[in-house]
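Visitor: Please show me the structure. I have some questions about its salt bridges and its pocket.

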Amino acid sequence: MTSTIRIIGIDPGLRRCGWGIIETSGNSLRFVASGTVTSDGDMDLASRLCQLHDGLAEVVHAYTPDEAAVEQTFVNKDAVATLKLGQARGIAMLVPARAGLPVAEYAPNAVKKSVIGVGHGDKKQIHMMLKILMPKVEFKGNDAADALAIAICHAHNRGGERMRKMLASA
């Protein structure tokens with residue numbers, strides 16, 4: 001019998017950090033929950049990072065996932081914005097790691113390929129495929145949808161990821 005694994009996908013962002021929780025058992029996927037943690041743009045950077053940390057920590061505590069997946073960031077033309085996004089991504093990786101979860105990282109193109117079959121696609125295609133893969137899925141906004149797609153990507157790749165880590169440590 002295949003065990004059920006609960007996965008949190010996280011789409012890091014300084015203003016809006018999307019999260020999505022799914023369960024996978026064998027080849028089946030089941031939607032659990034999704035949402036967005038926001039920070040107050042009028043606050044200083046450290047306070048905003050605290051808001052993201054506290055919000056994600058509440059989600060991890062409430063839903064007790066077994067594994068986490070975070071989207072890798074791409075480099076913007078604006079170095080300051082890239083650095084701030086990197087700091088938010090650090091929070092997105094820190095929270096599940098502090099909870100004892102293994103954290104995998106996936107490039108945006110790998111996430112899209114895993115969900116819609118190609119590495120380039122628009123948000124509408126991702127939304128449509130989420131509804132096909134998990135008919136009871138609910139999400140508000142692109143950030144939560146992207147986080148669910150990241151969780152699905154991890155569900156599809158987790159066996160290979162675990163095997164690569166085992167071979168690397170041998």
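Guide: Start with Asp146, which is buried at a relative accessible area of 10%. Keep in mind that this is a predicted model.

Visitor: Which residue meets the side chain of Asp146 in a salt bridge?
Guide: The pair comes from two helices, α4 and α5, and its residues lie 23 apart along the chain. Asp146 belongs to α5. At 2.5 Å from N to O, its salt-bridge partner is Lys123.

Visitor: Is Lys123 buried or exposed, or in between?
Guide: Buried requires under 20% relative accessible area, and exposed over 50%. Lys123 has 36% relative accessibility, so it counts as partly exposed.

Visitor: Which residue of the salt bridge between Glu105 and Arg89 is buried?
Guide: Glu105 sits in strand β5 and Arg89 in helix α2. Their closest N and O atoms are 2.2 Å apart. Glu105, at 34% relative accessibility, counts as partly exposed. The cut-off for buried is under 20%, so at 13% the buried residue is Arg89.

Visitor: How many residues apart are Arg158 and Glu67?
Guide: Their side chains meet in a salt bridge, 2.5 Å from N to O. Both residues are buried. Arg158 is in helix α5 and Glu67 in strand β4, so the pair links distant parts of the chain, and the separation is 91 residues.

Visitor: Which helix gives the largest share of the lining of the largest pocket?
Guide: The pocket holds about 620 Å³ of space. Its lining has 26 residues, with Asp11 and Phe74 among the closest to the centre. Helices α2, α3, α4 and α5 each supply at least two. With 4 residues, the largest share comes from α5.

How values were computed:
Residues are numbered from 1 along each chain as its sequence is written. This is a predicted model: local features need pLDDT of at least 70, side-chain atom pairs count only at pLDDT 80 or more; totals for chains, interfaces and linings use all residues. Side-chain values use heavy atoms; hydrogens and water are left out. On a 1 Å grid over the protein atoms alone, a cavity is a set of points where a 1.4 Å probe fits but cannot get out, and a pocket is an open set with protein on both sides within 12 Å along at least five of seven lines; lining residues have an atom within 4 Å of a point. Grid points are joined across faces, edges and corners, and a volume is the space filled by probe spheres set on the points. A salt bridge is a side-chain nitrogen of Lys or Arg within 4 Å of a carboxyl oxygen of Asp or Glu. Buried means under 20% relative accessible area, exposed over 50%, partly exposed in between (1.4 Å probe, protein chains only).
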